Each structure stands twice: as C-alpha cells, then as structure tokens.
Amino acid sequence: MKMAVLAALAATVALTPAMAADTAKPIVINKAEVAGGAFKGPKAKPSIDEGGAHVIDYLTMMTADKKFETGMYHSGPSHYVYKGKDTYGVDEFMYFIKGGITLTSLDGTVQTIHAGEAVTIPHDWQCTWDSKGYTKFYS
C-alpha cells in the first residue's frame, strides 16, 4: 500500500512542471517596468504609427481570439482625427502615468486627461486627439 502511495506521489510531482507551464497566471508589470524599463526590454515594440508619432508598445497579454489585450504604451507628440468611417475603432480603457492627451469630440467638447487620470473611449467615437507625448496602461 505504501509503495502505491509513493508511486502515485512521485508521478504527481513528475507531472507538476509540465502542468505548471500550461497554467494561466496573473501578469505583473513591476515597478522597474512601470518606471520605463518595459520599453527597453525584448518585448517592447518600437514603431512609427499612422500619424507619424514614435511609439513603443509593451504588450503584456492578448486573448487567443485577439479581441482583448493589455499593456503599456509610450508615444511622442501626436495628432489624430477620427471622423466619418474612420472612428476610433476599439473600445479602450487608458490610465496615464506620464503626460496626457486632449480629446475634442465632434460636438466641440474638450477633455484633457493628465497623468494620474483614466479615460474609456468607445470604438465608434469621433474626435480629434492631441498630445505632446504620454505613457499609459491600456486594455
């Protein structure tokens, strides 16, 4: 009986590393990454976006169906216009940790979002977006 228990325990321990690799876990952005280290690592993807801004995207998670993602994003100065068929395009939550943005809706309403503030933008929003540069968390 003791041999059977020990054999079962040994088999469980042997499977644990393989099972752990397939286990979903929380994804943490640590203090060093928040302070800017995220944009210096191998997961950081620098590019120039459609508006000509120099940006760095640090993607932390994307679902298999690619309908939800999270990460950090850094952008230099930017100006975008989303009107007509060219709406914002995604539902997005953003929390700004540096810089900020000024959003002007089609009706002329102006909202300025500063570091330490958050905003949620609906996918069908039409606006003008202006920034001198920012760093944000997004989802």
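This text describes two parts of a predicted model: the surroundings of Asp49 and the pairing of strand β5.

The place of Asp49 is the loop that links β1, residues 44-48, to β2, residues 54-62. Asp49 is buried, yet it takes part in no salt bridge. A salt bridge requires a side-chain nitrogen of Lys or Arg within 4 Å of a carboxyl oxygen of Asp or Glu. For Asp49, the nearest side chain of opposite charge belongs to Lys136, at a distance of 9.0 Å. What the side chain of Asp49 does reach is the backbone nitrogen of Gly51, at 3.0 Å. When residues up to four places away in sequence are left out of account, Asp49 touches Val55, Tyr73 and Tyr80.

The second part concerns strand β5, which spans residues 92-105. Strand β5 pairs with β6, residues 110-114, in the antiparallel sense over five bridges. Within this pairing, Leu103 has Gln111 of β6 as its bridge partner. The two strands β5 and β6 form a hairpin with four residues between them, and Gly108 in the turn has a positive phi of about 95°.

Strand β5 also pairs with β7, residues 118-121, again in the antiparallel sense, here over four bridges. In this case Phe93 of β5 has Thr120 of β7 as its bridge partner. A further antiparallel neighbour of β5 is β8, residues 127-138, to which ten bridges join it. Ser105 stands opposite Cys127 in β8.

Definitions and conventions. Residues numbered from 1 in each chain as written. Predicted model: local features only at pLDDT ≥ 70, side-chain atom pairs only at ≥ 80, totals over all residues. Heavy atoms only, no water. Buried < 20%, exposed > 50% of the residue type's maximum accessible area, 1.4 Å probe, protein only. Lys, Arg positive; Asp, Glu negative; His and termini not counted. Polar contact = N/O pair within 3.5 Å; in protein donor to acceptor, adjacent residues only side chain to side chain. Contact = heavy atoms within 4.5 Å. Pairing = 2+ DSSP bridges.
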